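Colleague: Could you take one part of this model and go over it closely, then show me how the rest is put together? Keep the cut-offs in, please.

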Amino acid sequence: MANHFSFSEAQFNGLFPFYILINRDLNVVSIGKSLGKLCDLQKGKNFNEFFSIPRPLTIINSLDDLIVLQNQMVLIELNSPKKLMLRGQFEFMEGTKEILFLGSPWFGSMEQLRENNLQINDFAKNDPLIDLLHVLKTVEITNDDLKELIATVNKQKNDLKKANKEVYDIALFPKQNPDPNIRINYEGDLMQNNPAASNLDFIEYEGSTYRNDMFFKLISSKIDKTLKRWNFEARSNEIDYSFDCVAMPEEGYINIYGRDITEQKINQQELEKLSLIVQETTSSVVITDSFGKIEWVNKAFEKITGYNLLDAKGNSPGKLLQGEKTDKKRADYMRQKVKNLEPFTCEVYNYKKSGEGYWGRINAQPIFDKKGEVINFFALKEDITGEKLAKEKLRKAASRMSSLITNLQDAILLENENQTIELVNERFCNLFKIPVSPNQLIGADCSKAAEQSKHLFANPELFVSGINEILKNKKLVIGNQLELANGRILERNFIPIWNGGKYDGHLWVYSDITEKITANKKLEELRVFYEKILDNIPSDIAVFDKDHHYLYVNPKGIRDVELRKWIIGKTDEDYIKKRNKHVSIIEERKNAFREVLESKQLKSWEEEMNGVDGTSTYIMRNMYPVVNSDNEVDLVIGYGVDITSIKLYQQQLEESKIKYKEIVDNSLAMISTHDIHGFFLTMNPIVEKLLGYHPDDVIGHHLTEFMHIDDREKFEDLYLNLILSNKEFTGTFRVINKEGKIVYCLLNNYLKEMPNKEPYVIAFAIDITKRIEAERELKKAKEITERLALSKQNFLANMSHEIRTPMNAIMGMSRQLLKSNINTEQKNYLDIITNSSENLLVIINDVLDLAKLEAGKLSIENIPFSPKLVMENVLKSMMHKAEEKGLTLSNTFCDSDLAPILMGDPFRLNQILLNLISNALKFTTIGGVDVSCRVLKDEEIFQEIEIIITDTGIGMDGAYLKNLFQKFSQEYASTARKFGGTGLGMSITKTLIDNMGGEIWVKSTKGKGTAIGFKLTMNKGVLEEELKISNKDEILKIIKGKKILVVDDNVMNRMVATLILKEYEAVISEVENGKEAINHLINNDCDLVLLDLQMPILNGYSTSKIIRKKLKMNLPIVALTANVIKGEREKCLKLGMDDYLSKPFEEDEFVDKVAFWIEKSKNINSAS
Amino acid sequence: MYGIVNKAIQDLIIDNFGEDKWEAVKEKSGVDIDFFLSNEPYDDDITYKLAGAAAEVLGISVGEVLNAFGEWWVLKTGKEKYGGLMEAGGNNLKEFLVNLPLFHNRIMLMYPKLTPPEFKVSNLEENSIHIHYHSKRLGLQEFVRGLLSGLSKMYSVDSKIELLESRDDGKSHEIFKVSW
């Protein structure tokens, strides 16, 4: 066999997954894969730290200690709380000087395996530990099985023992039993019996005697097989037996157990007899034990007291029956007697179960046993309540009578048939002034009493004779009145007493009725007084007794005196019959009367009485009960009040209420009311329709619940307090409808105040949401329009600038070109360019003017000017056009009164004239155009002038004349094509004249010509300075050699200005923006600046400002701009510029302005 | 079969249907043994009779009885009596099933009188495995299915058990595919 085994680590792990390899220093070199699951042992750790060796117990100090352990089984223990052990062996390896532990954990049970997180796979396949554990488990299970089996066997053994004993006992018993025990089968054959049963030869049963075998046959024949147990009685050998039968159907027999009941039967019979007697007696019988606790009671007791035997048993009679009115002394007496075991008789007040009291007489007796000891108490008890009550009644009656007579206000005298006093009272003694007590008078003779007392009466003899008469007649006399000597009145009654035809005496009753008579008199007076009042009350009054008989009716009720008397004691039925009235009223009144009697309360109802004339009278009937102290109705007072007027008023009120309700309900306005705290009281149906709220959602709720949340805080200040102080309120609320949307409501609310009533607010609201929304839309539209207008204006400004800038170059350059050497054809072309440019400029100006006019931004100057000069200039500038068309342009008349200077706008006047003249020239082909001017009014301050332009042109239709001054108006589309133009000219002209406070008129004949005139009123003025330099030579003289700075970002425009000015030999410098201009001015001399306004880097406005403010230069600055919108000129002047010229400019105007300002500057400088 | 098997059938019926039903099953099967000793071998016939009678008394098929018994065997008998051993079988269903052949081989050694079935595994996938069941006994394949189902429940896994091959179809043994 080879000596060397070579395993890979994996193989070795498979064989010994719990191995440990230890080096000389006792450090672990390597461990098996499964050992790692048991402890945190790692390579290099000391073996001693982790393990100890309990068997054989070894202290490990060096490797040698382990080496000696070779060749034996070793248990090593993990130094962890688990104290886990590994079972194996150590092997020393010479080659490496290391020692190897081979083994596996030693577990006591499979559960331990899992507790240490190990599985089958963690063990080597050859390791039988798990199987061993399983076998152990199996043995354990087997042991459990055996234990269980033994327990089962033991239980069965004990059960058997128990059963055996029972069987034995059962078998033993019948033999010793003196009572007969018999077992028969279902046929009645005797199967078995005990000795006692053998003596029963003959048996008496139900009146007959049977031999015992026959008897059991009989018994078996009567068996009800459904019964398991039953019982019968029979007699044999003078002994009574009770036989209990137990059926054993499975076994097929019946066991019969006999018992001697002879003595029991005798006792029972005796007892039954006694019981019957005691039970049936009418007196109640109670039997208690020797301590007085009830053991038995009879039927009479139950009947009298209401307690049955169960209730009573165990209680003492005293506790059960005695109560509040029971005399304590008697109760104590009885208790003492019972305690002393003595018989007693006692009457006592007891209580029934129902709580009702009764009197009982008790006869109690102790019962002794044979030894003379008390075993029971027997008590007989009679109900003597009736007897007691009768006695008490009698006693009370006598006492009452005596007390009554004693205390009677009437004087009483009772005599017997012999006129001897039987009874008299104190009052009688006092009345007749008898000086002894009533008791002393009893038995006294009264035969002479009348004589003795007669002096007391006003008429003594009458008194005596009266008495004698009465005594003689022995008849009842009531209400005899007698007057006493002192004036008082007595009433006397005589009551004879007859007893079965025998006269037993009589009773005298005297009453002093003086006060009664006086009171009656007073009463009668009062009655008359009240009747008088009632008779005169203006409402009908009737008084009824409780049976609805009339006791009284006042004259308002029944006018006829006789009828009124007649009706007393009658009913309504009698009245109806007598008067033939309709029965329906009676029923109503009878019902009302019945109600009053039952309710004892006032009853009111209305009656409608239809008059013969068809009118209705309404009576408010009332019945009022008069209730006495016993709460019974004595009288019923009926009274009626005529409520016709109130009724009619109510009807009107109701109608008007309905009418107003309908108005409110059908109103399209939301109408509601609320209290002064803001809680809704009512609302009309339209509220629900418009806002969606049901009245239940609204009424009782606060206004703020329906308001926009932002408005709620202001509710008190802005609404509630206002309406309370101002009494009314008008305003808008944002209401939230049921869908949660905002509804704008215009409110018109009023505070309604009424005396003694809580004020409230009536609110009228209309839904103005659509209006608000429309306004909002309108506002928005307006804003948009304004924005658009603004952008339009800006657009125009831009357009103006953008068009004019190149136009300036085109026109300027054209003019310059015309001045150069060009041939005819070139000149013609240039003319066309120039004309077209001018036309275009006119159109642009028209459009801009229109825009300005529309925006109301056209400014009219008010400066001094020469009207004549303006007209001349216009004519001059139009002349070449007229000449071009071969027309004449004349000024046939110019009023000599025309003021040399007028205040106004020469530029606009120029524009108007140009417009009208160019128009006239445009529409004239033959003939000419004439301009005339006349002064219509010449006042000191002002002149009214009229200028008329007449042509011999195509004329206009009357129909077209109406539209002449409208925008874009030309007579025919073809006209526009033929003559050109925007159709704006006339509209602008008219607007300009209107703005200057003048008026324009037109006269025209189609085919003949047109005359257009306008009137203007202007103040007279004085010309301050006239911007006029006579001729080109003069201008040349001024401009020549002057240093002029042209500032413009547009090279074309710079070129135009430079070319023109160079003709006049000016020294021109050009810069592109304001910044460069400033630099130039700082470093160079300069006579005039031509300044463009819109430039990059630094614009013209800022540049001007810097020149004036920072550089403090006063050289003239002329603005050149393509912007012609309103205010531009003003803005320029404000920023320090001297003049303003819009591009494109006329060359003459341009050089005039330059020359003027150079000259002016020279003059100013020389002056300073 | 060892008595523990019959005892397990007894427990299954008593626990689920009551003592009376067990008595009825016993009577119906004609098996007159009051007490099964767990570690004693009994005739296979007794087990078959009990399963057949239980099917009749409970009104279900023998297959259903065996299936229920298989589950019961794992979840009650196995856990109660061999809890540790079952748990040592693997950390999850897959591990347990992989270890099943080894497990049975060890059982065979421990119960010399046992004729244990042999299990093999193949087609081991992430979520399924094939279990090959070789047995000399016939008609217990539903018991095996119950065992597999019981194991799934023991590890709280929802599994699907399919019988791929069976001796009923002329194959050499049964192959179950357990997927989870």
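Modeller: I'll start with a pair of linked hairpins and work outwards from there.

This is a predicted model, where local features need pLDDT of at least 70 and side-chain atom pairs count only at pLDDT 80 or more, while totals for chains, interfaces and linings use all residues. Residues are numbered from 1 along each chain as its sequence is written, and chains are lettered from A and ligands numbered from 1 in the order in which they are written.

So, the hairpins. Strand 12 (residues 229-236) of chain A runs antiparallel to strand 13 (residues 239-248) of chain A, with eight bridges joining them. Strands here are DSSP E runs of at least two residues, helices are H or I runs of at least four, and both are numbered from the N terminus; two strands pair if DSSP finds at least two bridges between them. Across that pairing, Trp230(A) faces Cys245(A) in strand 13 of chain A. Two residues separate the strands of this hairpin, and Asn237(A) in the turn has a positive phi of about 50 degrees.

Strand 13 of chain A also pairs with strand 14 (residues 253-260) of chain A, antiparallel and over eight bridges. There, Asp244(A) has Tyr257(A) of strand 14 of chain A as its bridge partner. The turn between them has four residues, and Gly252(A) takes a positive phi near 80 degrees.

Further along chain A, five strands make an open antiparallel sheet in the order 26-25-29-28-27. Strand 26 (550-553) and strand 27 (603-610) of chain A each have a single partner strand, so one side of each lacks a neighbour in the sheet. From one strand to the next, the twist averages 20 degrees. At one edge, strand 27 of chain A is joined to strand 28 (residues 616-627) of chain A by eight bridges, running antiparallel, and Trp605(A) sits opposite Arg621(A) in strand 28 of chain A.

Now a residue and a helix. Ile489(A) belongs to strand 23 (residues 489-499) of chain A, and it counts as partly exposed because it has 17 C-beta neighbours inside 10 Å. (Buried means 20 or more other C-beta atoms within 10 Å, exposed 12 or fewer, partly exposed in between, with C-beta atoms placed from the backbone.) Leaving out residues up to four places away in sequence, its contacts include Ile513(A) and Ile517(A); contact means C-beta atoms within 7 Å. The C-alpha atoms of Ile489(A) and Ile513(A) are 5.8 Å apart, although 24 residues separate them along the chain. Helix 19 (residues 514-536) of chain A is hardly covered, with one buried residue among its 23.

How many residues does each chain give to the contact between them? Chain A gives 20 residues and chain B gives 18. On chain A's side, helix 5 (110-115) and helix 6 (129-176) of chain A are the elements that give two or more residues, and helix 6 of chain A has the largest share, eleven.

Within chain B, the axes of helix 1 (residues 3-17) and helix 4 (residues 62-88) come within 10 Å and cross at roughly 100 degrees. That makes the two helices of chain B roughly perpendicular, the label for angles of 65 to 115 degrees, with under 35 being roughly parallel, over 145 roughly antiparallel and the rest oblique. Axes are lines fitted to C-alpha atoms, for helices over the stretch in contact, and angles run from 0 to 180 degrees between N-to-C directions. Among the residues that meet are Ile4(B) and Leu12(B) in helix 1 of chain B, and Phe69(B) and Trp72(B) in helix 4 of chain B.

Key
Contact = placed C-beta atoms within 7 Å.
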